[in-house]
Amino acid sequence: FGYVGVLQEENVEASEGQRNVLNQLRDWDLWGPLFICLSLAIILSLRAPTKQTSHVFTTVFVVMWIGSLVVTINAQLLGANMSIFQSLCVLGYCVFPLTVSALTIALLRVTWLGMLWLDLIWLSIGFLWATRVSSVFVGQFVKKERRLLALYPVFFFYLILGWLILLF
Amino acid sequence: MSSHFKRDDLFLLDWPRSSPPKRTCCSNTIIAVEVNNNIMSSPPENPFSSGDTDDNNRFDAFQLSPDKTSSRSSLPSLQSIQAAQQQQQMQQQQRAAPSSSQQQQQSTFDNLPSPEELQGPISSTTNNNNDWIPQPSSTANNNINNNINDNQQSSSSILPKFLTCGGALSIESLRPYFDVDTADIILRMKSSIKYCNVPDGFRNEVLYSDNAMRLSAFRESTAAGGEGGETTTAGASTSSSSEVTSVGNVGGGEGKGPDLYGPTWITMTLVFFLAVTSNLSLYFHHSGKQYQSLVDEGGVAAEEEWDYDINQLLHATWILYSFSFLLPMGLYLMFRLMGIISFSVVDLICFYGYSLVAYIPTTWICVAPVSWLQWLSLCISTVVSGMLVLRNVTGPILESAGGGGGVGQGKSGGLIMAVIGCHFIFFLVMKLAFYHHVHH
């Protein structure tokens, strides 16, 4: 998936398809990420235990927005030159694969395919897919010696979201 | 007095952006934001100069990164903001006092657009009387309008100042504390375990010496440039550096100083691990009980439903972040009040933050719901992390006690006991709040 490339190359160069996507995301908007976040939060809170439905919704919402903000500010503090809203947009859209896997897990739970290890497989697919473009996006702004420092929060952010999905 | 000079100082107050650009059809907004973007680069000559802006310009007003601001100087320091504030207050007082000189003063102000008018729709909607074009108006009208404008300017610029605590927490002021590379962070994390028993080891060898650079130069055989520098503090003792100068450090190097990346992300990692492992251990404990009851009662399964507790995440967050940020700040205040000035706040935050590295393997060991194992592993990691903090903190405390500084002998002992006590309380909280299994 090119993670090693992102970490080791001097200048991160996005592939052709990724560059198209990133160019389009330059006109950022926050409606898409909001919709994705709401759908993820609703999916997870519907499957949560009844005492904790509102807690789960709040947690997912807060984690996603505050998490993206923290990741962005962290990258800026490490010396990246990126705008806050564009990176909120990119990180928000990259949650979409995790939403898809959450939906898959939720639908398959009621069938015979709803086993924990299969959930893990769907989740890891979603996680790897989600981190592809976002790591290239964040990585291209940070210089090479610090790239892992800037990418670790990105992975961590998607890991927290994936773990929340796994629980509920 | 040079009104133009004062206006530039007043413009210093506007950064970061004081008025959020609103999506109204009021054309004043667009022009006001456009002028705001150009404030630092040129004096405000004609606010109607460019009538069009692109969306990027409008929304990048929130942007805290320096690429749009590369032409301007760095964020003005707190002193200059306060100086500008004082000047503004003086101007407000002068404007409030009716006098003939004030009218003359206002006429010089009328030549330039007042900074309030550049704020945006908040002040511009009530500012209809004051046009861009200077016109002679009555004194009373100007007085009232300017008073309203001044009040509104001060209220519309409070939010960014509040959010950044008067510039102390802005991106620019925190950036020097994130001036670390991956290799630095890894070295610091390893040293937090390695040097936990060396007096002032972590502080001297990791934070304030260039051992990191020498190590990387030694390993990679490349020239390690001296990146950044922090002055070695007064309390750094070079006697202990002899046992760790395996790389030939000639003492007194300029290291990178304390960083804030390590504490924040180590704490965040630990929060996550705590929440995960405490729920895992409760789950195993519960399923173990179920199995036991199955065996004992011969086939009747326990009816309790095990649910995931999301509150563990919340409790872990506030407990750990107060341990690694609020506690060092409180200790720093205490040290300052007692006259120990060798630490900075970030130093202490670094000690506590990196001391949490010792807890990371422990959280995974504590997944097993075996009580004595949990107590033992938590004990060991508390000892390691406590040693790291103690070894680095007691040096300057005892020095200032012995040298007749601000701390007497008894108080220094008390301070050290307080540090130990905080760690012990943290240890108890970790065990009882997260890994406590109620045995029925």
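Visitor: Which residues of chain A does UniProt mark as "transmembrane region"?
Guide: The UniProt entry, which is unreviewed, puts that feature at residues 30-49, 56-78, 84-108, 120-142 and 148-167 of chain A. The model here is a predicted one.

Visitor: How much of residues 30-49 is helix?
Guide: In chain A, that span is 80% helix and 0% strand. Its end C-alpha atoms sit 30 Å apart.

Visitor: And residues 56-78 of chain A, what's the helix share there?
Guide: 96% helix, 0% strand. The end C-alpha atoms of 56-78 are 32 Å apart.

Visitor: Switching to the interface. How many residues of chain A are in contact with chain B?
Guide: 34 residues of chain A, against 31 of chain B. The buried area is about 2,900 Å², with carbon and sulfur atoms giving 67% of that.

Visitor: Which three residues of chain A supply more of that area than any other three?
Guide: A:Leu77, A:Leu149 and A:Trp163. Together they supply 23% of what chain A buries against chain B.

Visitor: How many salt bridges between the two chains?
Guide: Two between chain A and chain B. A salt bridge joins the side chains of A:Arg146 and B:Asp179, at 2.5 Å from N to O. Eight residue pairs across the interface are in polar contact, both residues at pLDDT 80 or more.

Visitor: Which elements of chain A give two or more residues to that side?
Guide: Helices H4 (53-77), H5 (84-93) and H8 (147-167). H8(A) gives the most, with 12 residues.

Visitor: What's the mix by class on chain A's side?
Guide: The side that touches chain B has 21 nonpolar, eight polar and five charged residues.

Key: Residues numbered from 1 in each chain as written. Chains lettered and ligands numbered in written order. Predicted model: local features only at pLDDT ≥ 70, side-chain atom pairs only at ≥ 80, totals over all residues. Heavy atoms only, no water. UniProt positions renumbered as here; feature names shortened; annotations may be inferred. Helix = DSSP H or I, 4+ residues; strand = E, 2+ residues; numbered from the N terminus. Contact = heavy atoms within 4.5 Å. Buried area = accessible area lost by both parts, 1.4 Å probe. Salt bridge = Lys/Arg side-chain N within 4 Å of Asp/Glu carboxyl O. Polar contact = N/O pair within 3.5 Å; in protein donor to acceptor, adjacent residues only side chain to side chain. Nonpolar A, V, L, I, M, F, W, Y, C, P; charged D, E, K, R; others polar.
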